[in-house]
Amino acid sequence: MPVEAETDSTPKTILSEPRRGSIPSESKTKIIVPFHRPCLGPEEEAEVIDTLRSGWLTTGPKTKRFEKEFAAYTGAKHAIAVNSCTAALHTSLVALGIGPGDEVITTPITFASTANVIEHVGAKPVFVDVEPDTLNLNPALLEQAITTKTKAIIPVHFAGHPCDMDAIQTIATAHGLHVIEDAAHAIESVYQGKKIGSISRTTCFSFYATKNMTTGEGGMITTQDNELAERLRVLSLHGISTDAWKRYGPQGYKHWDILEPGFKYNMFDIQAAIGLHQLRKIDNFHALRQRWVHRYDEAFADLAELIRLRRRTNITCAFHLYAVRFDTESLSLSRDQIIQKLQERGIGIGVHFRAVHLHPFYRIKYGYCPGTFPVAEYAGDRLISLPLFPTLTEEQIDFVIRGVRDVVIQSRR
Ligand SMILES: Cc1ncc(COP(=O)(O)O)c(C=O)c1O
């Protein structure tokens with residue numbers, strides 16, 4: 001896939017950095033520009049109050065409406081609202097019959113839950129290294145990770161940049177594998193004219209507090225498959241045949257049956273009340289974040305020590321994160337020391353992500369050690385995410401830019 005013309009930002013040395021220093025637990029910092037602030041307005045407040053006064057708090061008419069509107073937004077036939085993206089991923093794996101003895105391929109540059117849910121169904125997460133430019137799962141390395149036990153691939157659209165879905169789908173189809181997209185960062189993303197959410201067996205979204213839109217906590221599963229949608233719906237609410245709205249709603253009580261032991265993963269109407277209005281604002285939020293991303297891009301263009309993510313053509317990036325790698329070989333500071341300096345200046349930051357396979361559970365259980373996935377490890381030791389949310393101001397952006405530039409320039413070797 002072609003890339004935007006940019007200077008070559010591919011890391012030259014791909015090494016796992018020894019940990020130099022760490023972030024002090026008790027820092028003297030006072031955050032002036034937070035890493036994130038949710039954008040909630042009077043519309044969300046009024047809808048929540050309306051829900052509280054309606055007498056119907058759990059899954060009901062607002063959740064149904066939210067599902068319908070989300071399906072329309074993503075171009076999916078079905079949308080099933082749940083209480084997190086983690087729940088969406090877990091339910092997808094169960095609904096597709098993935099369990100003990102199976103293997104599921106995913107990326108090490110992701111949040112804990114992408115890998116954890118594979119463990120939850122008793123399957124084995126198999127990691128594949130990422131592309132150096134986007135930090136998305138590298139399709140060129142996919143085929144060599146597939147075994148007779150492989151049942152599914154979970155690509156993650158890191159920071160909202162869509163994965164190379166054509167390449168992933170081609171390999172998945174050739175090997176009869178399911179694709180479950182982790183679109184926690186990618187609600188607004190478009191891949192070659194197709195909205196993320198309309199492509200794979202299931203796509204899982206997050207409405208966590210820091211996401212592109214929020215319901216506090218929450219998630220959504222989209223699918224084009226009628227039967228799968230029904231199974232996902234049943235599994236997400238105890239595995240029972242009717243939801244609460246059908247059991248206690250205006251139509252009166254109906255008996256229900258346990259079809260299989262499912263989960264308590266349903267979204268409730270107070271969450272959906274927020275989601276309905278967030279969804280209406282999402283393209284506006286996206287445009288505002290895009291503007292800040294371009295401001296950062298311009299301001300950091302001359303800093304060779306700051307390795308930015310590339311954006312390809314023929315896609316829309318959701319701009320969920322402004323995640324950059326600091327070339328710590330050219331600086332006198334480690335990533336954690338840079339975090340400390342930025343926080344001391346009042347800049348709120350995040351880290352997305354330290355490579356999952358090197359976390360204690362995965363290291364101990366599967367014997368992973370540094371050097372296994374060099375591109376992910378290089379990134380995982382150097383990534384910092386800067387503040388990015390719609391209501392940032394010019395002054396706040398300038399404050400962050402000044403802080404980052406000062407720290408880089410003052411720590412040049
Ligand atoms: C890539 C990715 N996948 C999954 C999740 C889990 O989302 P949730 O908190 O809605 O379960 C997150 C949350 O941060 C994420 O970043």
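In this predicted model, a search of the whole structure finds 0 disulfides. Cys39 takes part in no disulfide, and the cysteine sulfur nearest to that of Cys39 belongs to Cys317, 18 Å away. With a relative accessibility of 12%, Cys39 counts as buried because the cut-off for that class is under 20%. Cys163 is likewise buried, at a relative accessible area of 0%. The closest cysteine sulfur to that of Cys163 is in Cys317, and because the two lie 11 Å apart they are too far from each other for a bond, the limit for a disulfide being 2.5 Å between sulfur atoms.

The ligand site offers another view of the model. Of the 16 residues around the ligand, those that come nearest are Thr86, Asp182, His185, Ser206 and Lys211. For three of these residues, the table lists a distance between a side-chain N or O atom and an atom of the ligand.

| Residue | Ligand atom | Distance |
|---|---|---|
| Asp182 | nitrogen | 2.7 Å |
| Ser206 | oxygen | 2.7 Å |
| Lys211 | oxygen | 2.7 Å |

On its own the ligand has 400 Å² of accessible area, of which the protein covers 93%.

On the surface, Tyr253, Trp256 and Ile258 form a nonpolar patch whose accessible area together is about 350 Å². One of these residues, Ile258, is found in the loop that runs between helix 7 (244–248) and helix 8 (269–300). The relative accessible area of Ile258 is 62%, and Ile258 is therefore classed as exposed, a term that applies over 50%.

Methods:
Residues numbered from 1 in each chain as written. Predicted model: local features only at pLDDT ≥ 70, side-chain atom pairs only at ≥ 80, totals over all residues. Heavy atoms only, no water. Patch = residues over 30% accessible without salt bridge, like charges linked within 9 Å, V, L, I, M, F, W, Y side chains within 5 Å. Areas by Shrake-Rupley, 256 points an atom, 1.4 Å probe, with all protein chains shown as cover. Salt bridge = Lys/Arg side-chain N within 4 Å of Asp/Glu carboxyl O. Helix = DSSP H or I, 4+ residues; strand = E, 2+ residues; numbered from the N terminus. Buried < 20%, exposed > 50% of the residue type's maximum accessible area, 1.4 Å probe, protein only. Near = heavy atom within 4 Å. Polar contact = N/O pair within 3.5 Å; in protein donor to acceptor, adjacent residues only side chain to side chain.
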